[in-house]
Amino acid sequence: IKGKCEGTSAPTASPTEYTGSCYYTKETCSKNPEEPETCSQEEVKVEEWNAEIAATYVHKDVVRIGRSRFVCRECPNCYFCSMDAYKPTLEKPSIWKQAWERDGECPPSPA
């Protein structure tokens with residue numbers, strides 16, 4: 001055993017589930033080469049990163065971990081957004097940083 005522990009630390013608060021509302025504007029454009037490009041925008045709720053639907057994540061999609069928001073990077077890096085190994089975390093940037101970038105914070109949950 002190396003060293004010894006001294007002193008005490010105050011307990012930290014338990015994590016709580018985010019119950020607030022957080023949205024982003026998602027733009028979808030038609031890709032039919034025989035027609036002029038048309039785009040539409042809709043407000044989409046920012047959901048917790050979810051392995052069950054990760055295969056659907058594309059460039060500019062926004063997910064959250066707690067209140068922290070992450071946006072999927074441009075392609076070709078966007079292809080990593082669908083892989084579990086690239087799930088964003090609150091820890092120091094690591095491999096996830098190749099697929100996602102921080103995109104601010106969701107508003108606090110209501111009291």
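Both C72 and C81 are buried in this predicted model. These two cysteines form a disulfide, with their sulfur atoms 2.0 Å apart. The link of C72 and C81 is right-handed, with 105 degrees about the S-S bond. To call a residue buried here is to say that its relative accessible area is under 20%.

How many disulfides does the structure hold? There are 4 disulfides. Another of them joins C75 to C78, with a distance from S to S of 1.7 Å. This link is right-handed as well, with 80 degrees about the S-S bond of C75 and C78. The two ends of the bond have unlike surroundings: C75 counts as partly exposed, at 42% relative accessibility, whereas C78 counts as buried, at 5%.

A further disulfide joins C29 to C39, with 2.0 Å from S to S. Why is the disulfide of C29 and C39 right-handed? The torsion about its S-S bond is about 105 degrees, and the disulfide is therefore right-handed. C29 lies in strand β1 (residues 23-29) and C39 lies in strand β2 (residues 39-45), so this pair ties together parts that are 10 residues apart in sequence. C29 has 26% relative accessibility and counts as partly exposed. C39 is also partly exposed, at 42% relative accessibility.

The disulfides can also be described as a set. When the bonded cysteines are counted along the chain, the disulfides of the protein follow the pattern 1-8, 2-3, 4-7, 5-6.

The aromatic side chains come next. A pair of aromatic rings is described by the distance of the centres and the angle of the planes. A search of the whole structure finds 4 aromatic pairs. In one of them, W49 and Y57 are tilted, with 6.2 Å from centre to centre and 50 degrees between the planes. W49 and Y57 are both buried. Another pair consists of F80 and Y86, which are stacked: their centres lie 4.5 Å apart, and there are 15 degrees between the planes. The word "stacked" applies because planes under 30 degrees apart are placed in that class. F80 is partly exposed, with a relative accessible area of 25%, whereas Y86 counts as buried at 11% relative accessibility. Which residues do ring pairs link into a cluster? The cluster consists of W49, Y57 and W100.

The strands give a further view of the model. Strands of a sheet pair through backbone hydrogen bonds, either parallel or antiparallel. Here, 4 strands form an open sheet in the order β3-β4-β5-β6, and the pairing is mixed. The edge strands are β3 and β6 (100-105), each of which pairs on one side only. Within the sheet, β4 and β5 pair in the antiparallel sense over 4 bridges. One residue may serve as an example: V63 has F70, in β5, as its bridge partner.

The final topic is the pockets. The largest pocket contains about 370 Å³ of space. Of the 16 residues that line the largest pocket, the closest to its centre are E27, T28, C29, H59 and K60. C29 is thus met again, having appeared above in the disulfide with C39. β1 and β5 (68-72) each supply at least two residues of the lining of the largest pocket. Which element gives the most to this lining? The answer is β1, with 6 residues. By class, the lining of the largest pocket has 8 charged, 5 nonpolar and 3 polar residues.

The second largest pocket has a volume of about 170 Å³. Among the residues that line the second largest pocket are Y24, K26, V44, K45, E47 and E48. I53, T56, Y57, D61, V62 and V63 also line the second largest pocket. The elements that give two or more residues to its lining are β1, β2, β3 (47-48) and β4 (62-65). By class, the lining of the second largest pocket divides into 6 nonpolar, 5 charged and 1 polar. Two of these lining residues have been met before: Y57 forms the tilted aromatic pair with W49, and V63 is the bridge partner of F70.

Terms used: Residues numbered from 1 in each chain as written. Predicted model: local features only at pLDDT ≥ 70, side-chain atom pairs only at ≥ 80, totals over all residues. Heavy atoms only, no water. Disulfide = S-S within 2.5 Å. Buried < 20%, exposed > 50% of the residue type's maximum accessible area, 1.4 Å probe, protein only. Phe/Tyr/Trp six-rings, centres within 6.5 Å; stacked < 30°, edge-to-face > 60°. 1 Å grid on protein atoms, 1.4 Å probe; cavity = no way out; pocket = protein on both sides within 12 Å on 5 of 7 lines; lining within 4 Å. Points joined across faces, edges and corners; volume = space filled by probe spheres on them. Nonpolar A, V, L, I, M, F, W, Y, C, P; charged D, E, K, R; others polar. Pairing = 2+ DSSP bridges.
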